[in-house]
Amino acid sequence: MKVLPCLALGFAIAVRATSGAWAADSGPAGEVAKGKEVFQYWCVACHGEGPMKPGTTALQAKYNGKLPARLEERLDLTPELTKFFVRNGVNVMPPFRKTEISDADLKALGAYLARSRP
Ligand code: HEC
């Protein structure tokens with residue numbers, strides 16, 4: 001059961017995020033919340049915070065601090081960009097099939113990563 005530690009980590013992040021300026025989200029908040037769940041289930045193992053996160057590590061090397069290494073802190077991720085990488089994959093990141101992340105889940109994920117922040 002490799003999924004359990006991920007869920008625990010996701011929960012920790014969720015708790016931290018709700019204590020912040022989370023309520024200031026604009027747009028359909030339900031979709032953003034759903035997208036966050038999708039991110040925590042499928043993406044956080046590689047794109048989360050801390051050591052041993054191949055996605056965060058690779059993006060740190062790629063952008064060298066010019067853009068945040070963590071996807072959740074990026075302000076330039078449009079839903080189209082997220083969709084492209086999720087369906088096609090890149091380098092060691094696998095493409096995700098519709099049976100894994102449905103079009104509706106991907107739409108929510110795109111909304112989450114493109115959400116407006118203060
Ligand atoms: C197995 C680990 C892994 C998983 C799971 C993973 N990624 Fe990635 N992802 C990577 C790596 C590594 C890169 C950087 C590839 C490179 O350019 O070297 C990356 C790159 C990206 C990029 C491109 C960012 C940029 O500026 O180049 C996006 C967007 C992205 N991932 C989104 C996601 C989303 C959304 C999910 C969840 C559905 C996800 N990834 C799941 C490993 C992963």
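Mentor: One convention before we dig in: an angle of 65 to 115 degrees between helix axes counts as roughly perpendicular. And keep in mind that this is a predicted model.

Trainee: Got it. So how are α2 and α6 oriented to each other?

Mentor: Start with the numbers: helix α2, residues 29-42, packs on α6 at an angle of about 100°, with the axes 7 Å apart. That angle falls in the 65 to 115 range. So α2 and α6 are roughly perpendicular.

Trainee: Which residues of α6 meet α2?

Mentor: On the α2 side, you've got Glu 31, Val 32, Lys 34, Gly 35, Lys 36, Val 38 and Phe 39. By class, the contact of α2 with α6 splits into 7 nonpolar, 1 polar and 4 charged residues. On the α6 side, the partners are Asp 105, Ala 108, Leu 109, Ala 111 and Tyr 112.

Trainee: Asp 105 caught my eye there. Is Asp 105 buried or exposed?

Mentor: Asp 105 sits in helix α6. Its C-alpha is 6.6 Å from that of Gly 35, even though the two are 70 residues apart along the chain. To call a residue buried, we want 20 or more other C-beta atoms within 10 Å. Asp 105 has 20 such neighbours, so Asp 105 counts as buried.

Trainee: How many of the residues of α6 are buried?

Mentor: Let's list them: Asp 105, Leu 106, Ala 108, Leu 109, Gly 110, Ala 111, Tyr 112 and Leu 113. The buried residues pack against α2 and α5. So α6 is mostly covered, and out of its 11 residues the buried count is 8.

Trainee: You mentioned α5. How are α5 and α6 oriented to each other?

Mentor: Two packed helices are described by the angle between their axes and the distance between the axes. For α5 and helix α6 (residues 103-113), those are about 130° and 8 Å. The crossing is right-handed. With an angle outside the parallel, antiparallel and perpendicular ranges, α5 and α6 are therefore oblique.

Trainee: And what classes of residue make up the contact of α5 with α6?

Mentor: From α5 come Pro 79, Thr 82, Lys 83 and Val 86. From α6 come Leu 106, Leu 109, Gly 110, Ala 111 and Leu 113. Sorted by class, with Gly counted as polar, that's 6 nonpolar, 2 polar and 1 charged.

Trainee: Let's move to the ligand. Which element gives the most residues to the shell around the ligand?

Mentor: There are 23 residues around the ligand, and Cys 43, Cys 46, Gly 55, Ala 58 and Met 93 come nearest. The elements giving two or more residues are α3 (44-47), α4 (54-63) and α5 (79-88). The top contributor, with 5 residues, is α4.

Trainee: How many residues of the shell around the ligand are nonpolar, polar and charged?

Mentor: Just for the nearest ones, Cys, Ala and Met go in the nonpolar class while Gly goes in the polar class. Over the shell around the ligand, the split is 18 nonpolar, 4 polar and 1 charged.

Trainee: What about Val 44, buried or exposed?

Mentor: Val 44 belongs to helix α3. Val 44 and Leu 71 are 27 residues apart in sequence, with 9.4 Å between their C-alpha atoms. Since Val 44 has 22 C-beta neighbours inside 10 Å, Val 44 counts as buried.

Trainee: Now the backbone. What is phi at Met 52?

Mentor: Met 52 lies in the loop between α3 and α4. With 9 C-beta neighbours inside 10 Å, Met 52 counts as exposed. Met 52 isn't a glycine, yet its phi is positive, at about 60°.

Trainee: And where is Asn 91, which has a positive phi near 55°?

Mentor: Asn 91 isn't a glycine either, despite that positive phi. With 9 other C-beta atoms within 10 Å, Asn 91 is exposed. As for its place, Asn 91 is in the loop between α5 and α6.

Trainee: Last one, on the whole chain. What percentage of the residues of the protein count as buried?

Mentor: The protein has 6 helices and 0 strands. Among contacts between residues at least 6 apart in sequence, 65% join residues at least 24 apart. Of the 118 residues, the share that counts as buried is 25%.

Terms used. Residues are numbered from 1 along each chain as its sequence is written. This is a predicted model: local features need pLDDT of at least 70, side-chain atom pairs count only at pLDDT 80 or more; totals for chains, interfaces and linings use all residues. A residue is near a molecule or strand if its C-beta atom, placed from the backbone, lies within 6 Å of it. Helices (H or I, at least four residues) and strands (E, at least two) are DSSP runs, numbered from the N terminus. Axes are lines fitted to C-alpha atoms, for helices over the stretch in contact, and angles run from 0 to 180 degrees between N-to-C directions. Angles under 35 degrees count as roughly parallel, over 145 as roughly antiparallel, 65 to 115 as roughly perpendicular and the rest as oblique. A crossing is left-handed if the near helix is turned anticlockwise from the far one by less than a right angle, and right-handed if clockwise. Two residues are in contact if their C-beta atoms, placed from the backbone, lie within 7 Å. A residue is buried if 20 or more other C-beta atoms lie within 10 Å of its own, exposed if 12 or fewer, and partly exposed in between; C-beta atoms are placed from the backbone.
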